[in-house]
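Student: I am new to this structure and would like to go through it with you. Could we take it one topic at a time?

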Amino acid sequence: MSPADTLRFAGRAAFAYPLRTALMVLAMAIGVAAVVVLTALGDGARRYVIGEFASLGANLVIVLPGRNETGGVNAGSFITNTPRDLTLADASALLRAPLVSRIAPLSVGNSEIAVGGRLRETMVLGTTADYLAVRHLALAEGRFLPQESLGHASAVAVIGGTLKRELFGNEAAVGRMIRVGDTRLRVVGVMAASGQGLGFNTDELVIVPVATAQAMFNTNTLFRIMVEVRGRDALAAAQRQMEDILRSRREGELDVTLITQDAVLGTFDRILGALTLAVAGIAAISLAVAGILVMNVMLVAVTQRTGEIGLLKALGATGGDIRRAFLVEAALLSLAGALAGYGLGQLGAWGIRLAYPVLPAWPPDWAVAAGLGTALLTGLLFGVLPARRAARLDPVQALAKR
Amino acid sequence: MAQIELAGIDRSFTVGDSRVHALSALSLAIEAGEYVAIMGPSGSGKSTLLNLLGLLDRPDAGHYRLEGRDVTTLSADEQAAVRRSRIGFVFQSFHLVPRLSAAENIALPLTLAGIAPAERERRVARALRDFGLEERARHRPDELSGGQRQRVAIARATIMQPALLLADEPTGNLDRHTGEEVTQLLEALNAAGTTLIVVTHDPAMGRRARRQLMMEDGKLKSDSARQSSRAERPPPAPEPLG
Ligand SMILES: Nc1ncnc2c1ncn2[C@@H]1O[C@H](COP(=O)(O)OP(=O)(O)O)[C@@H](O)[C@H]1O
Ligand SMILES: [Mg+2]
């Protein structure tokens with residue numbers, strides 16, 4: 001029998017039992033759709049987090065108070081308890097490292113902001129003029145904090161776009177006075193809309209000189225220090241220089257943690273990549289279940305069509321002809337299931353993207369290929385046994401059936 | 001050389017603990033173009049003999065020469081090729097593929113033989129015309145009468161122009177009138193040169209054949225052509241069975 005005829009014969013057979021075919025296609029489709037949707041979700045989460053961290057910049061080192069014992073980056077890196085505080089002196093000392101180009105010490109707190117009668121709760125970020133360059137941010141109006149010494153607490157503020165709209169409406173904000181807590185400050189600039197960014201959304205932030213913030217919150221510690229290094233290649237060397245400086249400032253003990261974007265990205269990439277893989281594995285199990293279903297359905301088909309198999313043999317079909325016909329039938333059902341599942345999965349991923357626009361829930365190519373491939377392979381693999389059974393039937397006994 | 005030569009054929013089945021000798025020490029020769037009826041009580045081995053002749057079954061002992069070639073030693077695929085090109089089957093229960101139309105059922109042997117679609121279509125169209133099935137070409141078996149179904153089955157059995165047509169109770173599922181029609185159809189094919197071997201319960205149908213074989217307990221009890229065949233070729237001495 002020619003390949004085209006085998007395909008046509010198998011196709012007719014598949015269509016002859018619509019309920020059976022529909023069930024099998026559905027089982028396969030659910031498996032493939034699960035792979036597509038779950039990996040889209042996993043990979044979307046991975047890409048989301050990576051995108052967030054990537055916005056930090058590649059030649060950035062973040063210094064946190066507290067030692068992270070494992071040396072690498074884990075969830076603890078962000079919530080270390082603080083045995084010895086980071087101070088402005090530490091920050092200015094870091095500037096002495098030859099490979100450090102810019103620093104931005106951060107001090108944060110919550111306070112009330114008032115303009116005229118309007119009052120609202122807001123987050124205050126104390127930093128320096130270099131923060132703008134370090135974070136690659138832009139201004140909508142006015143200018144940023146002035147270049148001045150770290151200890152200088154000038155009474156100026158830069159506010160986020162949302163705050164500006166809420167407090168000033170359509171009026172000009174630059175040059176106006178605001179009150180933050182008990183401190184009166186002059187607005188010198190308005191931030192451009194930043195959208196998503198790790199940590200703080202600058203749209204609702206009041207940015208003040210770091211000394212001003214420390215005075216406001218009556219503290220001399222820093223939340224963290226952002227350090228920009230001269231070039232990505234210098235990252236490791238710069239990190240060593242910074243560690244030396246900080247160690248010498250803390251009686252030889254390095255109780256701070258230095259995080260680079262690469263380390264963070266690498267860790268998250270690994271964690272979420274593993275998660276995606278695990279999820280794909282779980283989905284693959286449903287494909288294996290579908291494969292077993294294919295086998296059972298095909299075995300039933302062989303039993304149902306025993307008389308027909310006997311007839312084909314009487315008409316001169318070889319064992320190979322019959323084996324191929326049943327194998328192709330199983331493959332066709334799997335293929336239909338895989339394609340239906342692919343469509344369903346893409347639909348699901350589209351639904352997720354619609355519901356959570358921030359999540360880039362696109363199924364990775366490898367997962368789609370693996371899902372479709374596994375579906376076809378399981379279909380064929382689990383189709384072999386029924387096909388061989390059909391091919392081996394004794395024609396006389398097969399014809400005696402029915 | 002006869003078209004079919006069986007020599008010392010044994011075929012037995014194990015049922016439970018006992019062995020059933022469906023055929024024992026059977027020898028037989030059939031010339032090309034003969035019209036043979038195989039008769040005998042139920043269980044006498046008629047179907048087993050026909051299956052052997054059609055290469056659907058292998059004997060436990062003995063030799064079967066078809067057109068001068070020993071076919072008992074052929075591989076399964078070689079036997080399939082012989083069935084495909086030389087042998088046509090007609091069954092009591094028609095054995096049509098339910099999801100295929102009459103035309104597609106008739107085309108099945110051509111498809112299995114790998115004949116090109118255009119040629120296939122031409123030959124099926126002629127068969128439909130010859131068997132008066134043109135109106136029914138697109139109908140599925142469940143939309144056909146018993147007589148029409150058997151005509152489709154006969155058209156399918158002869159589409160490859162086999163040398164040998166084997167029919168196991170072809171009229172068993174048909175009423176007398178339709179059965180008569182089908183018998184005439186088979187006889188017409190025989191008249192055109194095809195060897196026709198029919199298993200039948202019906203003595204009237206059996207008498208119409210030019211040669212009658214009577215089976216009993218797996219042995220040939222009588223052969224209406226035995227006189228002449230014995231003169232030419234005495235059957236080998238029966239060997240004692242183990
Ligand atoms: N596949 C089989 N398994 C066991 N016994 C069989 C089988 N086929 C035939 N027989 C036995 O062989 C004998 C001859 O059967 P069969 O050729 O079908 O007879 P007939 O067609 O003359 O009625 C019977 O006794 C039957 O029970
Ligand atoms: Mg019988």
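Student: How much surface does chain B expose, and what share do carbon and sulfur atoms supply?

Tutor: Chain B exposes about 11300 Å², and carbon and sulfur atoms supply 49% of it. Accessible areas come from the Shrake-Rupley method with a 1.4 Å probe, and for residues only the protein chains shown count as cover. Please note that this is a predicted model, in which local features need pLDDT of at least 70 and side-chain atom pairs count only at pLDDT 80 or more, while totals for chains, interfaces and linings use all residues. Residues are numbered from 1 along each chain as its sequence is written, chains are lettered from A and ligands numbered from 1 in the order in which they are written, and side-chain values use heavy atoms, with hydrogens and water left out.

Student: And what is the accessible surface of chain A?

Tutor: For chain A the figure is about 17900 Å², of which 61% belongs to carbon and sulfur atoms.

Student: What radius of gyration does chain B have, against that of a compact globule?

Tutor: Chain B has 18 Å, which agrees with the value near 18 Å for a compact globule of 242 residues. The radius is taken over C-alpha atoms, and the globule rule is 2.2 Å times the number of residues to the power 0.38. Along the principal axes, the C-alpha trace of chain B spans about 55 × 40 × 40 Å.

Student: What about chain A and its radius of gyration?

Tutor: Chain A has 33 Å, but a compact globule of 402 residues would have a value near 21 Å. Its C-alpha atoms fill a box of roughly 100 × 55 × 30 Å along the principal axes.

Student: Which domains does chain A have?

Tutor: The assignment gives domain 1 (3–52 + 274–400) and domain 2 (84–254); such bounds come from an automatic or database domain assignment. The centres of domain 1 and domain 2 of chain A, taken over C-alpha atoms, are separated by 57 Å.

Student: How many helices and strands are in chain A?

Tutor: Chain A contains twelve helices and ten strands, whereas chain B has eight helices and ten strands. Helices (H or I, at least four residues) and strands (E, at least two) are DSSP runs, numbered from the N terminus.

Student: Let us pick a residue. Where is A:Val294?

Tutor: A:Val294 sits in helix H8 (residues 261–304) of chain A.

Student: Why does A:Val294 count as buried or exposed?

Tutor: A:Val294 counts as buried because its relative accessibility is 2%. Buried means under 20% relative accessible area, exposed over 50%, and partly exposed in between (1.4 Å probe, protein chains only).

Student: Which residues is A:Val294 in contact with?

Tutor: Leaving aside neighbours within four places in sequence, A:Val294 is in contact with A:Met24, A:Met28, A:Ala330, A:Ser334 and A:Gly379. Contact means heavy atoms within 4.5 Å. A:Met28 is 266 residues away from A:Val294 along the chain, yet their C-alpha atoms are separated by 8.4 Å.

Student: And where is A:Leu150 found?

Tutor: A:Leu150 lies in the loop between strand E4 (139–142) and strand E5 (156–159) of chain A. Beyond its neighbours within four places in sequence, its contacts include A:Leu88, A:Pro105 and A:Val210.

Student: Back to chain B: how many residues of helix H1 are buried?

Tutor: In helix H1 (residues 46–53) of chain B, seven of the eight residues are buried, among them B:Lys46 and B:Leu53. B:Leu55, whose phi is positive, near 60°, follows H1(B).
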